[in-house]
Amino acid sequence: MFEVASSTAFTSMQQASELGELVTFFTDNLEVTDLNTLFSNIQRYFTNVGASCCVEFRVAKQYHQFPQHTITGLEKEILELGRGAKRIVPFSSNLLFNSPTCSMIVKGINARDEDLLGRLRDNFAILLTIVESRIDFIEEQLEKSNIRQSALNNLKSQLAEDFGTIKKLCLDQDKQIRILVNDLSQAVQSKMIILGLDEEQESELMGLVDETKEVVEETLVLSFTLEDKLQAITKRLKAVE
């Protein structure tokens with residue numbers, strides 16, 4: 001009777017410990033947004049329960065296998081087969097867990113007790129569900145980031161085009177103003193000859209034309225200032241990521 005009670009108490013403590021590991025894993029991954037950190041947490045979980053793992057994440061139609069530097073060719077093939085396999089596949093002394101977004105090979109399970117092995121399988125299946133949820137979040141954030149980047153690229157392209165149009169209009173306007181001023185100057189000189197103005201009158205009239213030219217030149221400088229401002233804005237936009 002005492003042995004039964006001791007065994008029951010031990011099993012309860014073990015189950016509580018296993019549940020605690022799952023809870024810790026869940027809370028550790030609440031803020032995770034990258035696959036490297038997610039795999040590190042998965043790897044730590046399996047190390048704590050006396051096993052090891054290989055994982056394939058499927059995010060945005062891309063496949064990411066871990067551990068990147070030590071995974072074997074056979075393990076890669078098994079993970080690839082997991083893309084179309086059922087939820088739990090036992091092979092040799094290992095287990096393969098699968099979902100649409102993740103496959104995990106769990107190795108080195110040291111559990112001869114059927115009850116313990118059953119609990120571990122259930123716990124690993126729960127772990128996979130947690131991982132699925134996190135990958136869905138990561139993929140959603142990646143999609144949002146891609147949409148934002150695309151919108152930003154379109155904005156930069158459109159503004160660059162608009163600024164180019166403004167620059168061209170300013171240059172065309174400057175050109176037209178120069179032509180008008182030159183035409184005015186020539187017309188005034190012709191009229192002076194026709195009107196027969198004396199030297200003082202000619203000097204006053206040409207002075208007025210020169211003042212007009214100076215005002216126009218000052219106005220043209222504003223176009224170059226505007227161009228500099230537009231170029232500065234364009235450079236800032238190109239620097240935005």
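Which two strands form a hairpin with two residues between them? Keep that in mind as we walk through the model; the stop at the hairpins will tell you.

**Before you start**

This is a predicted model, in which local features need pLDDT of at least 70 and side-chain atom pairs count only at pLDDT 80 or more, while totals for chains, interfaces and linings use all residues. Residues are numbered from 1 along each chain as its sequence is written, and side-chain values use heavy atoms, with hydrogens and water left out.

**The whole protein**

Show everything as a cartoon. You will find five helices and five strands, where helices (H or I, at least four residues) and strands (E, at least two) are DSSP runs numbered from the N terminus. Followed from the N terminus, the elements come in the order α-α-β-β-α-β-β-β-α-α.

Now switch on the surface. Its accessible area is about 15800 Å², and carbon and sulfur atoms hold 56% of that; such areas come from the Shrake-Rupley method with a 1.4 Å probe, and for residues only the protein chains shown count as cover. Of the 241 residues, 31% count as buried. Here buried means under 20% relative accessible area, exposed means over 50%, and partly exposed lies in between (1.4 Å probe, protein chains only).

**The sheet**

Select the five strands. They make an open sheet in the order β2-β1-β5-β4-β3, with antiparallel pairing; two strands pair if DSSP finds at least two bridges between them. At the edges are β2 (62-66) and β3 (88-91), each pairing on one side only. On average, neighbouring strands are turned by 15° against each other, direction ignored. Axes for such angles are lines fitted to C-alpha atoms, for helices over the stretch in contact, and angles run from 0 to 180 degrees between N-to-C directions.

Next, pick residues 52-59 and 102-107. These are β1 and β5, antiparallel strands joined by six bridges. Across this pairing, valine 55 stands opposite methionine 104 in β5.

**The hairpins**

Select residues 88-98 and the opening question is settled: β3 and β4 form the hairpin with two residues between them, and serine 92 in the turn has a positive phi of about 55°. Four bridges hold this antiparallel pair. One of the facing pairs is phenylalanine 91 with asparagine 94 in β4.

Carry on along the chain to a second hairpin, made by β4 and β5 with three residues between them. This pair is also antiparallel, over four bridges. Look for leucine 95, whose bridge partner in β5 is valine 106.

**A covered strand**

Stay with β4 (residues 94-98), where five of five residues are buried. Both faces are covered: Asn94, Leu96 and Asn98 lie on one side, Leu95 and Phe97 on the other.

Zoom in on asparagine 94. It counts as buried because its relative accessibility is 16%. Setting aside residues up to four places away in sequence, asparagine 94 touches Val89, Val106, Lys107 and Gly108, a contact being heavy atoms within 4.5 Å.

**Helix α2**

Select residues 35-48. Helix α2 packs on the sheet, touching β1, β2 and β5, and its direction makes about 150° with that of β1. At 1.5 Å a residue, its 14 residues should span 20 Å, and its end C-alpha atoms are 20 Å apart, which agrees; the expected span is 1.5 Å times one less than the number of residues.

Which residues of α2 are buried? Colour Leu35, Leu38, Phe39, Asn41, Ile42, Tyr45 and Phe46. Looking down the axis, you see these buried residues fall within an arc of 160°, so they line one face of the helix; the arc is that of the directions from the helix axis to the C-beta atoms.

Pause at leucine 35, which is buried with a relative accessible area of 13%. Beyond its neighbours within four places in sequence, leucine 35 contacts Phe57, Val59, His64, Phe66 and Ile138. Arginine 134 is 99 residues from leucine 35 in sequence, yet their C-alpha atoms are 9.5 Å apart.

**Helix α3**

For the last stop, select residues 73-81. In α3, Glu75, Ile78 and Leu79 are buried. They cover an arc of only 100° around the axis, which puts them on the same side of α3. On the other side, Leu74 and Leu81 are exposed. Show the strands again, and you can see the buried residues of α3 packing against β1, β2, β3, β4 and β5.
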